[in-house]
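Here is a friendly walk through a protein structure for someone meeting it for the first time. Please keep the sequence and the 3D view open as you read.

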Amino acid sequence: MTHKTGSDLINDAKTRIREVSAKDVQGMLAAQANAIYLDVREPAEWNLGRLPGALHIPRGTLETKVEGMIPRDATVVIYCAGGNRSALAADTMQQMGYTDVCSMAGGWRDWMMAGGAVEG
């Protein structure tokens, strides 16, 4: 049996999800799009700042908490530090029946490089 690496799992997930850029997300925020911005980073990362109005569910607890916090028909933009955990989270949420999810490619790093607004 061939074992997959973490990179393999992330790359596989990225073939099944939609990714958007930090600039795309800035446009969504500016247009006040009806979307939930979901931060899946760890609490210490969350405490350093986040997208305005973001909801926080660390990746490690996503499967047990998301159903009680986000409706399955919501538009959800997921982000993490660099776009890998958010890709896995988007793939997981799609498997759970969420129909309009995407991952912010480049994550928080690209958000900051693009001059995105920061809360917290």
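The paragraphs below go from the sheet to a helix, then to the ring pair, the charged side chains and one last residue.

Before we start, please keep in mind that this is a predicted model.

Let us begin with the sheet. It is an open sheet of 5 strands, and reading across it gives the order β1-β5-β4-β2-β3, with parallel pairing. The strands at the edges are β1 and β3 (55–56); each has a single partner strand, so one side of each is left without a neighbour in the sheet. In general, the strands of a sheet pair through backbone hydrogen bonds, and they may do this either parallel or antiparallel. At the β1 edge, you can look at one pairing in detail: β1 and β5 run parallel and are joined by 2 bridges. Here Glu19 has Ser103 in β5 standing opposite.

Now turn to helix α2, which covers residues 22–30. Which residues of this helix are buried? They are Ala22, Val25, Gln26 and Met28. Around the axis these buried residues take up an arc of only 160°, which puts them on the same side of α2. The face turned away from that buried side carries the exposed residues Lys23 and Ala30. And what covers the buried residues of α2? The cover includes the strands β1 (19–20), β2 (36–39), β4 and β5 (100–104), together with helix α6. Just past the helix, α2 is followed by Gln32, whose phi is positive, near 55°.

Strand β4 and helix α6 also appear in the next stop, the aromatic rings. In general, a pair of aromatic rings is described by two things, the distance of the centres and the angle of the planes. How many aromatic pairs does the model hold? The count comes to 1. The partners are Tyr79 and Trp108, with ring centres 6.3 Å apart and planes at 25°; since planes under 30 degrees apart count as stacked, the pair is stacked. Tyr79 belongs to strand β4 (residues 75–79) and Trp108 to helix α6 (residues 107–113), so the pair ties together parts that are 29 residues apart in sequence. Are these two residues buried or exposed? Tyr79 is buried, with a relative accessible area of 0%. Trp108 is buried too, with a value of 13%.

Trp108 has another partner to show you. The charged end of Arg41 sits over the ring of Trp108, 4.6 Å from its centre. A similar arrangement can be found at Trp46, where Arg50 lies over the face of the ring, at 4.2 Å from the ring centre.

Next come the salt bridges, of which a search of the whole structure finds 10. One of them joins the side chains of Asp91 and Arg16, with a distance of 2.7 Å from N to O. This pair links distant parts of the chain: Asp91 is in helix α5 (residues 84–95) and Arg16 is in helix α1 (residues 6–16), 75 residues apart. Asp91 is buried, with a relative accessible area of 7%, whereas Arg16, at 46%, counts as partly exposed.

Helix α5 takes part in another salt bridge, between Glu45 and Arg85, whose closest N and O atoms are 3.0 Å apart. Glu45 lies in helix α3 (residues 43–46) and Arg85 in helix α5, so this pair ties together parts that are 40 residues apart in sequence. Glu45 is partly exposed at 21% relative accessibility, and Arg85 is partly exposed at 24%. A further salt bridge brings Glu67 and Arg72 together, with the closest N and O atoms 2.5 Å apart. Glu67, at 47% relative accessibility, counts as partly exposed, and Arg72, at 36%, counts as partly exposed as well.

Our last stop is Gln94, a residue of helix α5. Gln94 is partly exposed, with 30% relative accessibility. What does Gln94 touch, leaving aside residues up to four places away in sequence? Its contacts are Arg16, Ile17 and Val101. Arg16 is already familiar from its salt bridge with Asp91. To get a sense of scale, find Thr2: Gln94 and Thr2 are 92 residues apart in sequence and 26 Å apart in space, C-alpha to C-alpha.

How values were computed: Residues are numbered from 1 along each chain as its sequence is written. This is a predicted model: local features need pLDDT of at least 70, side-chain atom pairs count only at pLDDT 80 or more; totals for chains, interfaces and linings use all residues. Side-chain values use heavy atoms; hydrogens and water are left out. Rings of Phe, Tyr and Trp (its six-membered ring) pair if their centres lie within 6.5 Å; planes under 30 degrees apart count as stacked, over 60 as edge-to-face and the rest as tilted. Helices (H or I, at least four residues) and strands (E, at least two) are DSSP runs, numbered from the N terminus. Buried means under 20% relative accessible area, exposed over 50%, partly exposed in between (1.4 Å probe, protein chains only). A charge sits over a ring if NZ of Lys or CZ of Arg is within 6 Å of the ring centre and within 35 degrees of the ring normal. A salt bridge is a side-chain nitrogen of Lys or Arg within 4 Å of a carboxyl oxygen of Asp or Glu. The arc is that of the directions from the helix axis to the C-beta atoms. Contact means heavy atoms within 4.5 Å. Two strands pair if DSSP finds at least two bridges between them.
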